[in-house]
Structure formats: C-alpha cells, structure tokens
Amino acid sequence: MKSYRADLHIHSLLSPCGSLDMSPARIIREAKERKIDIIAVADHNSTRQAGLIKKLGQETGITVLTGAEVNTREEVHCLCLFGDEEATRIFQEFLDARLPEEENDVVIFGDQVVVDKDEQIVYTEDRLLISALRAGIKEIETLVHKLNGIFIPAHIDRPYSGILDRLGFIPENLEYDALELSYRMPETEICGQHPELCGKYFLRSSDAHYPKDIGRATTTFELEENSFEAVRAYLRSKLNQ
Amino acid sequence: MTVKDVQQALELKVFGGEKGLNSDVTGGYVSDLLSDVMGNATEGMAWITLQTHLNVMAIASLKDLSVVILVNGNKPEEDMLEKANEENIPVLGTKLGTFETAGKLYQLLNS
C-alpha cells in the first residue's frame, strides 16, 4: 500500500465561474507543484475539458478522473467521475440531452470555453452550464453506476447546492460512493447537525475555481496502485467503516 | 374540506394515492425546496410544488401532509406514484402555475 494525495473536485476554465487561468496545463502544473497524485476534473454539467487534462496528467504521472459536477433537477450538486473515455463520452451525451437550452450570458456568468494544450480556444459552450439538468438525482446516480463511475454528493454541508440543504436528508435509495464536505467544514460540526452521518467517511476536496485554491483541501488514499478502479474500491470500503 | 373537495373545485387531475382523497385539508404550503417543507409545513397541509421525484413523498409522509399538487403540467415520476399509493397520499396535477394554484386554493380554503 502506498499513500496518495487526492483532490477530487477541480473546475477548469470551462466552468462559467472558473477562472480563465484554469487551463489544462496550469491545473496539471499546480497539482504537480503541490504534490497531488490524483485529481478529478468536475466542471458544471460538462466533461468537455477533462480529456485533455487527463492526457497531460498521464505525461506528468498524475491520475485524472474525468467527469462533471452535475446540477440535478432537485438543484443538488453531485460529482460524477469516470475512469475511461467511453464512459465519459456516453455521460457527455446524456448531459447534452438534458441540459436546458437557456443561453449563457458571458457578462453575468463568465466564459465557458474549451482550450487545447496551447491554450487556444477550440470550443465555446453556448448553453448555460450551471442550469439544473432535466434529470433527477436518482436517475443520474443510476446512470453513473451503470457506467462504472463514482457518484459523490458534493459539499453536502453547503447552502443552496448541497444535498442536506436542498433535500434536508440523504435519500435512502441513493447509492453514493462517498460524501464530500466543503473544504472548511469540520467533521464534528456535520456530525452535530446530522447525527445519522456520524462515523461516515468524508471526502475533502478543494472545489478549486482558481489556481491558488487547488489542493487547499485534499484526502489521502491508501492504494495498491494509482488508478481509477483503486480509488473507487477504496472509497466504497471506507464509506461505512 | 377534504382533498376530494379541493380536487373537484380546482379541477385537478388525480395521478395516484386515491385512497387518501377523503383526508382533511387544513391549509396549504408552497415550496420547491424539500428541506424548507420539512421545516415549515404542518400536518394536513396541501403542498404545492413542481418537484416530481420520490423524495417529495418521503417529506409528505413524514409531515403527514394531506395532498401533493404538481403545477405547470408536471407529472409524477413512477416511483413517486408508487410511494403515493403506498402511503395513501394523493398526488394531483394542474396545468396552472404555482401562483394561480396557490391563489385558488387560498380562496377556496378561506371562503
């Protein structure tokens, strides 16, 4: 077993609220400098920038989980992470089909662009990515697991977008692989507010939108190998330990 | 006033939970945020919402609400309907929006 530092919640420049400095090359460079071994690219309702970041990660020895931070019909944010290109592609098709047609207003929400390794814009997303998908949380979870992905309710303690604020509870039928706490939330506090979650294993990640925030919170995994499958198995084993 | 009285007066479609049509409606609550309903709705209320998933019924059952009214032409998801039948809490629907539905219900309950 070896220890690996992971930050499983990073936004690239594709997210409207993500800084334009969050280019694929910059994300990998910052992760390397901060000695992070595993990252997940989780832009709002899109996986379109994740592939290149994974490629750059491979060249640098950083494992990159490709996925998205989806906004469900209930307006709950969840991380949906995948280990291979095919699953990510199928999930992207689902996102394209279920994202409302509402157009992005760049002035209000910010740019939504995909860049290549030289930081040239190769795609602009016209639809507003932070909209709620036309899909409920259970439907999305089921699809993610069908695609052998990892499903994690994001920053469950946060107002407006965390599952505890939106629903008030975690549905019994929801099968998650981990629960993420926002970077500044102490475990003791969530335990006080929600005794039913006492003893759960919580994931901590940065939810970085700016380069300086990458790795401001990380979780250490004990893994046989640095791979998506190993991460998934580890999370599952720790959840109800 | 019973759920059935409300259903007829407002011409609401019955999706499921028919066995609960004779429950009393004591008031109404309007919200799409489940945690808000959990915190503020009280027993016997009719809940007006556009949310159509299973967890709506979990809250309705937990709070002993009399009926769930879906607005904007929304239809319940299959598992929501199953739960409505199981819990005998009617799920009704209308093409009207939240504002109009709440206005009509308010008028009806206070006339």
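Which residues form one aromatic cluster with Phe82(A)? They are Phe91(A) and Phe94(A). Keep that trio in mind while walking through the rest. The model shown here is predicted.

Start with chain A. Eight helices and 10 strands make up its secondary structure elements. The chain has 241 residues. A compact globule with that number of residues would have a radius of gyration near 18 Å. Chain A has 17 Å, so the value agrees with a compact globule. The C-alpha trace spans about 45 × 40 × 30 Å along the principal axes of chain A.

Now look at the packing of chain A. Of its 241 residues, 59% count as buried. Take the contacts between residues at least 6 apart in sequence. In chain A, 71% of these join residues at least 24 apart. The accessible surface of the chain comes to about 10,300 Å². Carbon and sulfur atoms hold 48% of that area. Chain A also carries 28 positive and 42 negative charges. The mean positions of the two sets are 3 Å apart.

Next come the aromatic rings. A search of the whole structure, over all chains, finds four aromatic pairs. In one pair, Phe221(A) and Tyr234(A) have ring centres 5.2 Å apart. Their planes meet at 50 degrees, so the pair is tilted; planes under 30 degrees apart would count as stacked, and over 60 as edge-to-face. The pair links distant parts of the chain. Phe221(A) sits in strand E10, residues 219–223 of chain A. Tyr234(A) belongs to helix H8, residues 228–239 of chain A. The two residues are 13 residues apart.

How buried or exposed are these two partners? Phe221(A) has a relative accessible area of 0%, so Phe221(A) is buried. Tyr234(A) has 11% relative accessibility and also counts as buried. The cut-off explains both calls, because buried means under 20% relative accessible area.

Move on to a loop in chain A. His155(A) is found between strand E7 (150–153) and helix H6 (163–166). Its phi is positive, about 20 degrees, although His155(A) is not a glycine. Tyr160(A) has its place in the loop between E7 and H6 of chain A. Tyr160(A) is likewise a residue other than glycine with a positive phi, near 75 degrees.

Which of the two loop residues is buried, and which is exposed? His155(A) is buried, with a relative accessible area of 1%. Tyr160(A) is exposed, with a relative accessible area of 64%. The exposed label fits because exposed means over 50%.

Turn to chain B. It holds five helices and five strands. Read along the sequence, the pattern is α-β-β-α-β-α-β-α-β-α. The radius of gyration of chain B is 12 Å, close to the 13 Å that the globule rule gives for 111 residues. Chain B is therefore as compact as a globular protein of that length. Along the principal axes, the C-alpha trace of chain B spans about 35 × 25 × 25 Å.

The packing of chain B can be read in the same way. Of its 111 residues, 49% count as buried. Consider the contacts in chain B with a separation of 6 or more. Residues 24 or more positions apart account for 48% of them. Chain B exposes about 5,400 Å². Carbon and sulfur atoms supply 47% of that surface. The chain has 8 positive and 15 negative charges. Their mean positions are 6 Å apart.

Conventions:
Residues numbered from 1 in each chain as written. Chains lettered and ligands numbered in written order. Predicted model: local features only at pLDDT ≥ 70, side-chain atom pairs only at ≥ 80, totals over all residues. Heavy atoms only, no water. Helix = DSSP H or I, 4+ residues; strand = E, 2+ residues; numbered from the N terminus. Rg over C-alpha atoms; globule rule 2.2 N^0.38 Å. Buried < 20%, exposed > 50% of the residue type's maximum accessible area, 1.4 Å probe, protein only. Contact = heavy atoms within 4.5 Å. Areas by Shrake-Rupley, 256 points an atom, 1.4 Å probe, with all protein chains shown as cover. Lys, Arg positive; Asp, Glu negative; His and termini not counted. Charge placed at Lys NZ, Arg CZ, Asp CG, Glu CD. Phe/Tyr/Trp six-rings, centres within 6.5 Å; stacked < 30°, edge-to-face > 60°.
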